[in-house]
Amino acid sequence: ILARRGQDSAKQPQLVNIVKSKFILFPHAKSSALGVLYAWDEQTAIDLSMEILHAGNKNPLYDDALMHLARRKYEPAYPYVLELAQGPDPMATAAVTCLQDYAKPEAIPILEEMLTKIRTHDKFIKQIDRRRILEAIETIKKQNIAHMQSLQGASSVP
């Protein structure tokens, strides 16, 4: 509701305080506050998200911050995505979604390796995880093919 109302400069510092708070608030309150900040003042939200990443992956907003930055293809956050993807259990994190959002071709081998790291013994969950990784690979391939075709089309214009 706050995001739809438009920026409220009086409430913005309160949202920043909610995100930075050391206390556990209502479930998803911090995540929601960060989302509203992205709607109101993207640069403040990006700066705050980078603070969260610098603080480390023990921060409960780490995945949220990384996903917001990945949606925007914010390049300084990409090394954090790679680090997350190399973790012992990349399916327990936002790594697949973030790699898919960045759509870099060099992510394909990383995702293919993730197929070998699915740790669950539950066949149903294993199928879901496998499908998510394969969909990410296909999305990256399609986006890069479309990008290459648009570059070729632009270079053939006189």
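## Helix 4 against helix 5

The axes of helix 4 and helix 5 come within 9 Å of each other and cross at roughly 135°, an angle that makes helix 4 oblique to helix 5. The crossing of these two helices is left-handed, and the contact is built from Ile46, Ser49, Met50, Ile52 and Leu53 on the helix 4 side and from Tyr62, Ala65, Leu66 and Leu69 on the helix 5 side. Sorted by class, the contact of helix 4 with helix 5 has eight nonpolar residues, one polar residue and no charged residues. The model in which this packing is described is a predicted one.

Within this contact, Leu53 may be followed further: leaving out residues up to four places away in sequence, Leu53 touches Tyr62, Ala65, Leu66 and Leu69, and also Ala77 and Tyr80.

## Helix 3 against helix 5

Helix 3 and helix 5 pack with their axes 10 Å apart and at an angle of about 25°, which makes helix 3 roughly parallel to helix 5. Helix 3 passes helix 5 in a right-handed crossing, whereas the crossing of helix 4 and helix 5 is left-handed.

In this second contact, Ser31, Leu34, Gly35 and Tyr38 of helix 3 meet Asp64, Ala65, His68 and Leu69 of helix 5. By class, the contact of helix 3 with helix 5 has four nonpolar, three polar and one charged residues.

## The buried side of helix 5

Helix 5 covers residues 62-71 and includes His68. The buried residues of helix 5 are Tyr62, Ala65, Leu66, His68, Leu69 and Ala70, and what covers them includes helix 3, helix 4, helix 6 and helix 7. An α-helix has 3.6 residues a turn, so residues three or four places apart point the same way.

His68 counts as buried because its relative accessibility is 12%, which falls under the 20% limit for that class. Not counting residues up to four places away in sequence, His68 touches Leu34, Gly35 and Tyr38, and these three residues belong to the helix 3 side of the contact with helix 5. Just after helix 5, Lys73 takes a positive phi of about 55°.

## The nonpolar core

The largest nonpolar core has 45 residues, and those with the most contacts inside it are Val19, Leu53, Leu66, Leu99, Leu111, Met114 and Ile133. The elements that give two or more residues to this core are helix 2 (12-20), helix 3 (29-40), helix 4 (42-55), helix 5, helix 6 (78-85), helix 7 (95-102), helix 8 (107-114) and helix 9 (123-155). In soluble globular proteins, nonpolar side chains tend to be buried together.

Two of the residues with the most contacts inside the core, Leu53 and Leu66, also take part in the contact of helix 4 with helix 5.

## Thr44 and Val16

Thr44 has its place in helix 4 and counts as partly exposed, because its relative accessibility is 25%. Leaving aside neighbours within four places in sequence, Thr44 is in contact with Gln12 and Val16. Thr44 and Val16 are 28 residues apart along the chain, and their C-alpha atoms are separated by 8.8 Å.

## The chain as a whole

The chain has nine helices and zero strands, and read along the sequence it follows the pattern α-α-α-α-α-α-α-α-α. Of the 158 residues of the chain, 36% count as buried. Among contacts between residues at least 6 apart in sequence, 58% join residues at least 24 apart.

Conventions
Residues are numbered from 1 along each chain as its sequence is written. This is a predicted model: local features need pLDDT of at least 70, side-chain atom pairs count only at pLDDT 80 or more; totals for chains, interfaces and linings use all residues. Side-chain values use heavy atoms; hydrogens and water are left out. Helices (H or I, at least four residues) and strands (E, at least two) are DSSP runs, numbered from the N terminus. Buried means under 20% relative accessible area, exposed over 50%, partly exposed in between (1.4 Å probe, protein chains only). Contact means heavy atoms within 4.5 Å. A nonpolar core is a set of buried Ala, Val, Leu, Ile, Met, Phe, Trp, Tyr and Cys residues joined through side-chain atoms within 4.5 Å. Axes are lines fitted to C-alpha atoms, for helices over the stretch in contact, and angles run from 0 to 180 degrees between N-to-C directions. Angles under 35 degrees count as roughly parallel, over 145 as roughly antiparallel, 65 to 115 as roughly perpendicular and the rest as oblique. A crossing is left-handed if the near helix is turned anticlockwise from the far one by less than a right angle, and right-handed if clockwise. Ala, Val, Leu, Ile, Met, Phe, Trp, Tyr, Cys and Pro count as nonpolar, Asp, Glu, Lys and Arg as charged, and the others, Gly among them, as polar.
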